[in-house]
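Thanks for coming. I have one structure to go through today, and I will take it a piece at a time. Please have a look at it first.

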Amino acid sequence: QEPLVESGGGSVQAGGSLRLSCAASGYTTSTYFLAWFRRVPGGDREGVAVIDTKDDTTSYADSVKGRFTISVDKAANTLYLQMTSLVPEDTAMYYCAASSLTLRRVSRLRDVYYAYWGQGTQVTVSS
């Protein structure tokens with residue numbers, strides 16, 4: 001597969017919106033989970049949102065539920081994360097990731113199950 005490549009990060013004021021994209025050629029077949037993770041300096045990677053490319057089932061971290069939306073355009077081989085109502089606590093490096101494993105719902109936002117990672121895109125939210 002081609003490498004995962006994120007884009008769309010930037011700086012925004014609290015309350016604003018951003019849309020992250022991830023070029024995911026080879027990963028949008030119905031055998032992968034595609035997810036977004038984030039990490040602040042010195043922190044652990046946090047699972048933000050995941051989509052099952054088999055049936056488009058989605059799951060979200062409680063901290064972003066109702067504000068973020070994950071989606072995939074299989075024709076364009078692109079994963080998206082639409083982020084709205086951003087708060088300073090959303091400031092982090094955001095990564096897209098892919099897993100070919102069969103994951104139970106409880107495991108889908110755990111980074112240990114993802115073998116393929118992009119380089120990340122920085123999101124900074126100012127108050």
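I will start at a loop. Aspartate 56 sits in the loop between strand 5, residues 46-52, and strand 6. Keep in mind throughout that this is a predicted model. The phi angle of aspartate 56 is near 65°, which is a positive value in a residue other than glycine. Is aspartate 56 buried or exposed, or partly exposed? Its relative accessible area is 42%, so it falls between the 20% and 50% cut-offs and counts as partly exposed.

Serine 85 can be described in the same terms. Its phi is near 50°, again a positive value in a residue other than glycine. Serine 85 is placed in the loop between strand 8 and strand 9. With a relative accessible area of 40%, serine 85 is partly exposed.

Now the chain as a whole. How many helices and strands are there? The chain has 0 helices and 11 strands. Read from the N terminus, the order of elements is therefore β-β-β-β-β-β-β-β-β-β-β.

On overall dimensions, the C-alpha trace spans about 40 × 30 × 25 Å along its principal axes. A compact globule of 127 residues would have a radius of gyration near 14 Å, and the 13 Å of this chain agrees with that. Of the 127 residues, 43% count as buried. Taking the contacts with a separation of 6 or more, 59% are between residues 24 or more positions apart. The accessible surface of the chain is about 6,300 Å², and carbon and sulfur atoms account for 48% of that surface.

Next, charges. The chain has 12 positive and 12 negative charges, and the mean positions of the two sets are 5 Å apart. The structure holds 8 salt bridges. I will go through three of them, beginning with aspartate 90.

Which residue pairs with aspartate 90 at 2.9 Å, closest N to closest O? That is arginine 38. Aspartate 90 is in the loop between strand 8 (78-83) and strand 9 (92-99), while arginine 38 is in strand 4 (residues 33-39), so this salt bridge ties together parts that are 52 residues apart in sequence. Both aspartate 90 and arginine 38 are buried.

Aspartate 90 also forms a salt bridge with arginine 67, and there the closest N and O atoms are 2.7 Å apart. Arginine 67 lies in the loop between strand 6 (58-60) and strand 7 (68-73), and aspartate 90 in the loop between strand 8 and strand 9, so this pair ties together parts that are 23 residues apart in sequence. Arginine 67 is buried, as is aspartate 90. Through shared partners, salt bridges join Arg38, Glu46, Arg67 and Asp90 into one network.

The third example is a salt bridge between lysine 54 and aspartate 52, with the closest N and O atoms 3.6 Å apart. Why is lysine 54 called exposed? Its relative accessibility is 54%, and the cut-off for exposed is over 50%. Aspartate 52, on the other hand, counts as buried because its 5% relative accessibility is under the 20% limit.

Two residues in another loop come next. Valine 106 is in the loop between strand 9 and strand 10. With a relative accessible area of 63%, valine 106 is exposed. Its C-alpha atom is 9.5 Å from that of serine 59, and the two residues are 47 residues apart along the chain.

Arginine 110 is also in the loop between strand 9 and strand 10, the latter being residues 116-117. At 44% relative accessibility, arginine 110 counts as partly exposed. Arginine 110 and arginine 45 are 65 residues apart in sequence, with 8.6 Å between them in space, C-alpha to C-alpha.

I will finish with serine 126, in strand 11, which covers residues 121-126. Serine 126 has a relative accessible area of 34% and is partly exposed. What does serine 126 touch, leaving aside residues up to four places away in sequence? The contacts are Val12, Gln13, Ala14 and Pro88. From serine 126 to proline 88 the C-alpha distance is 5.6 Å, for a sequence separation of 38 residues.

That is what I have; I can go back to any of these residues on the screen.

Key. Residues numbered from 1 in each chain as written. Predicted model: local features only at pLDDT ≥ 70, side-chain atom pairs only at ≥ 80, totals over all residues. Heavy atoms only, no water. Helix = DSSP H or I, 4+ residues; strand = E, 2+ residues; numbered from the N terminus. Buried < 20%, exposed > 50% of the residue type's maximum accessible area, 1.4 Å probe, protein only. Contact = heavy atoms within 4.5 Å. Salt bridge = Lys/Arg side-chain N within 4 Å of Asp/Glu carboxyl O. Rg over C-alpha atoms; globule rule 2.2 N^0.38 Å. Areas by Shrake-Rupley, 256 points an atom, 1.4 Å probe, with all protein chains shown as cover. Lys, Arg positive; Asp, Glu negative; His and termini not counted. Charge placed at Lys NZ, Arg CZ, Asp CG, Glu CD.
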